[in-house]
Amino acid sequence: MSDTSGLITPALVDLYLAPEEKSEALRALAQRLVAGGRVTDLDGFLADIAAREAQAPTGMGDGIGIPHCRSAHVTRPSLAFGRSAGGVDFDAPDGRPADLVFMIAAPAGADDTHLQILAELARRLMDPAFTGALRESESPRAVAALINGEEVPEAAPATAVGSEAAPEPSAPDAGLRLVAVTSCPTGIAHTYMAAKALELAAERAGARIQVETQGSAGTTPLAPEVIAAADAVIFAHDVEIRDRARFAGKPTVDVGVKAGVNRADELIAQAAELVAAAGGARPAAAPVAPAGSRPAAAGEHWAQRLRTYLMTGVSHMIPFVAAGGLLIALAFAIGGYQIASAPSVLGHFDWTSSHSWAAMLFQTGKTAFGFLVPILSGYIAWAIADRAALAAGIAGGAVSVAVGAGFLGGIVSGLAAGFLVLWMIRWNVPRAIKGIMPVVVIPLLSVAAVGFLMFVVVGSPIASAMNGLTDWLNGLSGSNAILLGALLGAMMAFDMGGPLNKVAYTFAAGALTTAGTTPDAGSLKVMAAVMAAGMTPPLGMALATVVRRSLFTAEERENGKAAWVLGASFITEGAIPFAAADPLRVIPAGIVGSMTAGGLTMAFGSTLRAPHGGIWVLPLIGSPFLYLVAVAAGTVVTTAVVVLLKGLRKPAAVAAVDAPADAPADALAVAKRPAAV
């Protein structure tokens, strides 16, 4: 059994958690962690918890809430436990308030041993006997002992954390054999809860299952022979599966990690139906997923899948854009714009010359820029058909650069390579050839086909379109530039990280590939406008929580503290908690503010080579002072509009607060009546 002592103490147990409002309940538990020396900064830790809550609800259903985060303010891996008679709403999928609340606090650099403890706790939360004991216990000491794996001083129907291994499968060797992979963004809770839920569901169904948890506690890959013997695969994940190609050829159920927690029995049944369909035994509920692909979730629109493919390519391209763009900007800052025409530093480098250093930075950045389109194309293809499509995607992107088709050509070649390889994976080939398909046959045929497509068929028309786009961006001026900046600003703020936001960002990041070495290219102005517009919604909401605190809940004021940093770092999603609580007022305010910032940035002619960074890349922004003026103006406009809109609905609430203590009961009742929205 793992040494779990000290994860929780009786002082960290609250069996009578009073607040039923989530933010206050979180604060009550966090205060216990602060009092116990487990957390150094209450507000900073709560901001980290709020940021995690904003990503996705932490209500697991069945009356369990698991707010958790990694935080620099945590001194050691810890857990605070609260039991609420009235329940706390953590937005669980079954709508049930949580009467058991586990606040998991992990340091930013938690060691593997303690992360394994937290992972085992997450597994035990799926055991009804364990949660039943927590609901019945009347002693904080007994609860702490139960969670820590110590001797429980009172009878409890559940075993302690880490005191028993996963149940042995009860199915005979001839039964259904499954493998699964679970993962979540933080890798602390959902990953292991989904694994345990799938194990229990498989046991109930008389099936065998082995689960690979790709979480923070480390990963033990499934043995190749186990995968080979499996009848089907279940992926329950919110981040990309590592080494997905290992499962090529297996019927696949592919869902989010929460489905693994809440619908484990359904997933086991779906896997059984896929196996039956493959063997012709009984009708299938869903088609068999092709090897290497990530099937769409039920009801997912093709446009959502396309966006996922494109954003995968863009996300892998961004490090090259950032490195190359910043190096070129540094070179210009040191050696001036004429450094672009400097001879190669190979054989002409002078250690004592700033001109040589500037030339080296410029030429390195330019080389990094050369990878943009191939990486974009390659990882679009990878998102569609996994590793087998990388060669064709990268080669197609390189051909796109060669023919002048730029990032538009890279998108086309990536999509073509991905879907071509996805089709080739489905070929039913003889066993003797199957072994060389992913390393010889598929790369050979797909690279040749995509090369033909880009060189002969679509390369020239796309190159003409790219030249037109480049000329248009470089020729933007006056009202046209301001209107484009305002439009991109509206898109950035409309869904704050959603599809429209990503379309605007992808357009700006992709346009950077057309900038070349021109210091004032129109595409650099577009990138500056998009980043300014993306910074203003969270900054505006943060400022609003300071200017008019009374218009915001305590939880929103806590979120406002984190929004300062998120907005300054160009993380538009920092405004999502405010928009989720009051979309009809927050979203319009954000749109107006972002349009202001985007339009002013274009009007001022500010430029930006880096695709991200916020104020941290300010020294590398063209016309930095005017850029800050544009961001500040957008922030103030956002704040003014949201305060105005929220203020229109508050008179009744203010009357309730200001009513005298001796006011008649019926007057107070009227004062507290919610204002019409």
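**Exercise 1. Contacts of one core residue**

Leaving aside neighbours within four places in sequence, which residues is Phe 102 in contact with? Then place Phe 102 in its core.

*Solution.* Work on the predicted model.
Step 1. Drop the neighbours within four places in sequence; Phe 102 then has contacts with Ile 64, Gly 65, Ile 66, Pro 67, Leu 79, Ala 80, Phe 81, Leu 125, Leu 134 and Ile 147.
Step 2. Turn to the largest nonpolar core, which has 75 residues. Phe 102 is among the members that touch the most other members, along with Phe 45, Leu 79, Phe 81, Leu 134, Ile 147 and Ile 234.
Step 3. Ask which element gives the largest share of this core: helix 6 does, with nine residues.
Step 4. Look for another core apart from this one. It has 63 residues, including Ala 388, Leu 415, Ala 532 and Ala 610.

**Exercise 2. Strand 5 and its partners**

Decide whether strand 5 is largely enclosed, and find how strand 1 and strand 6 pair with it.

*Solution.*
Step 1. Strand 5 covers residues 78-88. Nine of its eleven residues are buried, so strand 5 is largely enclosed by the rest of the structure.
Step 2. Strand 1 (residues 13-14) runs parallel to strand 5, and two bridges join them. Here Asp 14 stands opposite Gly 82.
Step 3. Strand 6 (residues 98-107) pairs with strand 5 in the antiparallel sense, over seven bridges. Val 88 of this pairing faces Ala 98 in strand 6.

**Exercise 3. A four-stranded sheet**

Give the strand order of the open sheet of four strands, name its edges, and describe the helix 6 packing.

*Solution.*
Step 1. The order is 8-7-9-10, and the pairing is parallel.
Step 2. Strand 8 (208-213) and strand 10 (252-255) each have a single partner strand, so they stand at the edges and one side of each has no neighbour in the sheet.
Step 3. On average, neighbouring strands are turned by 15 degrees against each other, direction ignored.
Step 4. Take strand 7 (residues 177-183) and strand 9 (residues 232-237): six bridges join them in the parallel sense. Ser 183 stands opposite His 237 in strand 9.
Step 5. Helix 6 (residues 190-205) packs on this sheet and touches strand 7, strand 8 and strand 9. Its direction makes about 175 degrees with that of strand 8.

**Exercise 4. Aromatic pairs**

Count the aromatic pairs, then classify Phe 349 with Trp 351 and Trp 423 with Trp 427.

*Solution.*
Step 1. Rings pair if their centres lie within 6.5 Å. By this rule there are nine aromatic pairs.
Step 2. Phe 349 and Trp 351 lie 5.6 Å apart, centre to centre, with 85 degrees between the planes. Planes over 60 degrees apart count as edge-to-face, and this pair is edge-to-face.
Step 3. Check exposure. Phe 349 has a relative accessible area of 27%, so it is partly exposed. Trp 351 is at 66%, so it counts as exposed.
Step 4. Trp 423 and Trp 427 are also edge-to-face, at 5.1 Å centre to centre and 90 degrees between the planes. Trp 427 is partly exposed, with a relative accessible area of 30%.
Step 5. Ring pairs also build a cluster of Phe 349, Trp 351 and Trp 357.

**Exercise 5. A loop residue**

Is Leu 346 buried or exposed? Locate it as well.

*Solution.*
Step 1. Leu 346 sits in the loop between helix 10 (302-335) and helix 11 (354-369).
Step 2. Its relative accessibility is 74%, so Leu 346 counts as exposed.
Step 3. Leu 346 and Met 360 are 14 residues apart in sequence; C-alpha to C-alpha, they are 8.9 Å apart in space.

**Exercise 6. Confidence and overall figures**

Find where pLDDT stays under 50, and say how such stretches should be read.

*Solution.*
Step 1. Set the scale. The protein has 677 residues, of which buried residues make up 52%. It holds 25 helices and ten strands.
Step 2. Mean pLDDT is 77, and 79% of the residues reach 70 or more.
Step 3. Compare elements. Helix 23 (residues 624-647) has the highest mean pLDDT, 92, and helix 25 (residues 665-672) the lowest, 38.
Step 4. Residues 154-174 have pLDDT below 50, and this stretch has 50 contacts in the model beyond near neighbours in sequence.
Step 5. Residues 650-677 also stay under 50, with eleven contacts beyond four places in sequence.
Step 6. Where pLDDT is low, predicted coordinates should not be read in detail.

Terms used: Residues numbered from 1 in each chain as written. Predicted model: local features only at pLDDT ≥ 70, side-chain atom pairs only at ≥ 80, totals over all residues. Heavy atoms only, no water. Phe/Tyr/Trp six-rings, centres within 6.5 Å; stacked < 30°, edge-to-face > 60°. Buried < 20%, exposed > 50% of the residue type's maximum accessible area, 1.4 Å probe, protein only. pLDDT = per-residue confidence, 0-100. Contact = heavy atoms within 4.5 Å. Pairing = 2+ DSSP bridges. Axes fitted to C-alpha atoms, helices over the stretch in contact; angles between N-to-C directions. Core = buried A, V, L, I, M, F, W, Y, C linked by side-chain atoms within 4.5 Å.
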